[in-house]
Amino acid sequence: MRKASVKPVRLGWLVERRLNLWVWCESCSHNKTVPAAPLHEKYGDATLAELKHKFRCAQCGGREIFLRPDWHGAGWTRGVVSKHDKMPE
Ligand SMILES: [Zn+2]
């Protein structure tokens, strides 16, 4: 069984868990949280790695975008997440 870290997170996975997407600009550190559901409707069940190419920084125009689930905004703590070895399907 592979570890969770190598399994790509998909938009559908976020939508099911009502998690938002946290968007970070590597160039200027601008960041914001966006809801996953409208993105899922628009782009389908894309992985975050695929999706980041769709984003551009609103502040500096940079395309070095980092995406991750907004664990903290959803009230998931680091400790809780680390107890689960793999992402639930
Ligand atoms: Zn930026």
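**Exercise 1. Find where N20 lies in the chain, and decide whether it is buried, partly exposed or exposed.**

Step 1. N20 is found in the loop between helix 1 and strand 1, where helices (H or I, at least four residues) and strands (E, at least two) are DSSP runs, numbered from the N terminus. Residues, for their part, are numbered from 1 along each chain as its sequence is written. The model is predicted, so that local features need pLDDT of at least 70 and side-chain atom pairs count only at pLDDT 80 or more, while totals for chains, interfaces and linings use all residues.

Step 2. A residue is buried if 20 or more other C-beta atoms, placed from the backbone, lie within 10 Å of its own, exposed if 12 or fewer do, and partly exposed in between. N20 counts as partly exposed, because it has 18 C-beta neighbours inside 10 Å.

Step 3. Two residues are in contact if their C-beta atoms, placed from the backbone, lie within 7 Å. Leaving aside its neighbours within four places in sequence, N20 is in contact with T33, V34, P35, A36, D70, G73 and A74. For A74, which is 54 residues apart from N20 along the chain, the C-alpha atoms of the two are separated by 7.5 Å.

**Exercise 2. In the loop of R18, between helix 1 and strand 1, and in the loop of S29, between strand 1 and strand 2, work out what sign phi takes at each residue.**

Step 1. R18 lies in the loop between helix 1 and strand 1, and although R18 is not a glycine, its phi is positive, at about 55°. R18 is exposed, with 10 other C-beta atoms within 10 Å.

Step 2. S29 lies in the loop between strand 1 and strand 2, and here too a residue other than glycine has a positive phi, near 70°. The hairpin of these strands has 5 residues between them, and S29 counts as exposed, with 10 C-beta neighbours inside 10 Å.

**Exercise 3. Describe how the 3 strands are ordered and paired in the sheet.**

Step 1. Two strands pair if DSSP finds at least two bridges between them. Strand 1 (residues 21-25) is joined to strand 3 by 5 bridges, and the two run antiparallel; within this pair, L21 has P69 as its bridge partner in strand 3.

Step 2. Strand 1 also pairs with strand 2 in the antiparallel sense, over 4 bridges, and the bridge partner of W22 in strand 2 is T33.

Step 3. The 3 strands therefore form an open, antiparallel sheet in the order 2-1-3. Strand 2 (31-34) and strand 3 (65-69) stand at the edges, and because each has a single partner strand, one side of each is left without a neighbour in the sheet.

**Exercise 4. Determine which residues of helix 2 are buried and what covers them.**

Step 1. In helix 2 (residues 36-43), the residues A36, L39 and H40 are buried. They cover an arc of only 105° around the axis, the arc being that of the directions from the helix axis to the C-beta atoms, so they lie on the same side of helix 2.

Step 2. P38, E41 and K42, on the other side of helix 2, are exposed. The cover of the buried residues includes helix 1 (11-16), strand 1 and helix 3 (48-51).

Step 3. A nonpolar core is a set of buried Ala, Val, Leu, Ile, Met, Phe, Trp, Tyr and Cys residues joined through C-beta atoms within 7 Å. The largest one has 13 residues, and L11, L14, L21, A36, L39, I65 and L67 touch the most other members. Helix 1, strand 1, helix 2 and strand 3 are the elements that give two or more residues to this core.

**Exercise 5. State where in the chain the confidence is lowest and where it is highest.**

Step 1. The chain has 4 helices and 3 strands, which run α-β-β-α-α-β-α from the N terminus on.

Step 2. The mean pLDDT of the chain, where pLDDT is the predictor's confidence in each residue, from 0 to 100, is 85, and 79% of the residues reach 70 or more. Confidence is lowest in helix 4 (residues 78-83), at a mean of 51, and highest in helix 2, at 97. Where pLDDT is low, the predicted coordinates should not be read in detail.
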